[in-house]
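Trainee: Could you take one part of this model and walk me through it closely? I would like to follow the chain pairing outward from a single place, and then see how that place connects with the rest.

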Amino acid sequence: MAAGVVVAVLLVLMAAIVALYVIRGRTANWPPPNWIFAACDVGQGDALVLAAGPAEAVVIDTGPDPAKADHCLTVLGIHKVPLLVLTHFHADHVDGVPGVLKGRTVTEIETTNDPDPPRGVSEVTAWARTAGIPTTVATVGEHRRFGPVSWDVLWPDPNVSPSTPPEPARKSHRRGRRQARASPRGGGEEGSGPNNSSVVLQVTVSTRDGPVRLLLTGDIEPPSQAAILAAHPDLAADVLKVPHHGSAHQDPDLFAAVHPRVAVISVGKGNTYGHPAPRTIQLVSGTGARVFRTDDDGQVVVFGTAARLRVATRRG
Ligand SMILES: [Zn+2]
């Protein structure tokens with residue numbers, strides 16, 4: 001097998017007594033058998049993959065770089081994408097779309113209801129039209145299934161404004177009300193409307209010995225985090241995609257409610273936003289989660305079963 005493939009394996013043996021084993025070495029098999037979820041190493045951005053069948057996956061976001069998105073899906077062996085979800089239209093989530101489309105059958109693209117920034121919307125519209133792929137809008141309450149993967153759309157909710165979350169107001173809310181700094185392409189700033197309109201998915205994957213739950217959060221900030229938590233008190237999940245690349249601005253109540261076993265931060269090394277923030281890493285680690293980050297670990301893959309959940313990482 002090619003050099004540079006490094007695997008760390010996390011075994012979560014029992015719900016009550018959690019034993020952690022980290023093994024580093026080389027593996028001839030990628031992706032690992034019975035893989036469930038992957039966070040691609042795409043630099044500063046998100047590109048997430050849910051295994052939906054042989055050579056088939058639901059993809060959530062594409063990162064900023066088509067070549068990196070294509071490489072990630074190639075090493076995972078993905079040829080068919082029944083659904084590509086774009087959580088919002090910032091470049092670090094949509095500019096890799098051509099890499100996902102390259103040589104693959106993509107059946108549908110689903111997006112947020114917030115058409116901002118316009119450049120991202122027009123790019124996605126043009127790519128979809130050229131490829132003949134229908135686009136739809138994610139609707140809160142929507143439930144879908146592909147193979148072993150099913151999910152509910154929790155956000156955005158057009159009936160709830162993220163800038164005015166329901167009472168009681170949460171202590172972290174004020175931190176999320178900062179004015180957005182001008183960066184219409186990258187989307188790394190705080191207080192961003194598009195960030196707070198990210199599509200959020202509560203995912204369940206059927207495994208041999210039970211369901212594995214994942215919460216995929218796009219770039220939501222404290223206002224949306226509080227609103228989602230108010231509407232969905234049961235957010236418990238085995239795997240959390242940490243919101244907004246591990247930004248400092250997070251609602252601690254969300255992490256407490258999710259209480260993940262595994263937390264994944266998708267982030268680029270040396271980014272100018274200060275992602276991930278040390279206090280966010282501490283916050284999520286404090287829930288008992290093992291934290292993986294794509295800038296240090298490379299591609300992060302969750303595999304195994306509910307009772308024996310494992311994580312493997314691969315660089316290159
Ligand atoms: Zn982002």
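**A strand pair and what surrounds it**

Mentor: Happy to! Let's start with S11 and S12, an antiparallel pair joined by seven bridges. Please keep in mind that this is a predicted model. The two strands follow one another through a hairpin, with two residues making the connection between S11 and S12. If you want a register mark to check on screen, find Val-203, whose bridge partner in S12 is Leu-214.

Now turn to the other partner of S11. S10 pairs with S11 over six bridges, again in the antiparallel sense. Here the mark to look for is Ser-150, which has Thr-204 of S11 as its bridge partner. S11 therefore pairs with S10 and with S12, and six of its eight residues are buried, so S11 is largely enclosed by the rest of the structure. When you look along these strands, remember that side chains in a regular strand alternate between the two faces of the sheet.

Just past S10 there is a detail worth pausing on. Trp-155 and Pro-156 are joined by a cis peptide bond, with omega near 5°, and Pro-156 sits in the loop between S10 and H5. There is another cis bond, between Trp-30 and Pro-31, where omega is about -5°; Pro-31 belongs to the segment before S1. Most peptide bonds are trans, which makes such places worth a second look because they depart from that general pattern.

Next, H6. Eight of the 10 residues of this helix are buried, so the rest of the structure largely encloses it. The buried ones are Pro-222, Pro-223, Ser-224, Gln-225, Ala-226, Ala-227, Ile-228 and Leu-229. Their cover includes both S10 and S11, together with helices H5 (193–196) and H7 (252–258). The strand and helix we have been following thus meet here, with S11 forming part of what covers the buried residues of H6.

That brings us to the metal. A zinc ion is coordinated by Asp-92 (OD), His-93 (NE2), Asp-219 (OD) and His-245 (NE2), at 2.0 to 2.1 Å. The angles among these four donor atoms run from 86 to 154°, and the site is irregular. Tetrahedral geometry would need all angles between 85 and 135 degrees, which is why the upper end of that range rules it out. Along the sequence the donors are spaced D-H-x125-D-x25-H. Distant parts of the chain are linked in this way: His-93 is in helix H2 (residues 91–94), while Asp-219 is in the loop between S12 (210–216) and H6 (222–231), 126 residues apart. So the loop that follows our hairpin strand also carries a zinc donor. Both of these residues are enclosed: His-93 is buried at a relative accessible area of 0%, and Asp-219 is also buried, at 0%.

Two backbone angles belong in this tour as well. His-244 has a positive phi, near 50°, although it is a residue other than glycine. This residue is in the loop between strand S13 (239–241) and H7, and it counts as buried at 1% relative accessibility. His-259 also has a positive phi, near 45°, and is placed in the loop between H7 and strand S14 (262–265). In contrast with buried His-244, His-259 is exposed, with a relative accessible area of 52%.

Finally, step back to the whole chain. It has nine helices and 17 strands, and 57% of its 316 residues are buried. Among contacts between residues at least 6 apart in sequence, 67% join residues at least 24 apart. The zinc site gave you one example of such distant linking, with His-93 and Asp-219 126 residues apart.

Definitions and conventions:
Residues are numbered from 1 along each chain as its sequence is written. This is a predicted model: local features need pLDDT of at least 70, side-chain atom pairs count only at pLDDT 80 or more; totals for chains, interfaces and linings use all residues. Side-chain values use heavy atoms; hydrogens and water are left out. Donors are N, O and S atoms within 2.8 Å of the metal (3.2 Å for Na, K and Ca); water is not among the atoms, so sites may look incomplete. Four donors count as tetrahedral if all angles lie between 85 and 135 degrees; four count as square planar and six as octahedral if opposite donors are over 155 degrees apart and all others between 65 and 115; anything else is irregular. Helices (H or I, at least four residues) and strands (E, at least two) are DSSP runs, numbered from the N terminus. Buried means under 20% relative accessible area, exposed over 50%, partly exposed in between (1.4 Å probe, protein chains only). Contact means heavy atoms within 4.5 Å. Two strands pair if DSSP finds at least two bridges between them.
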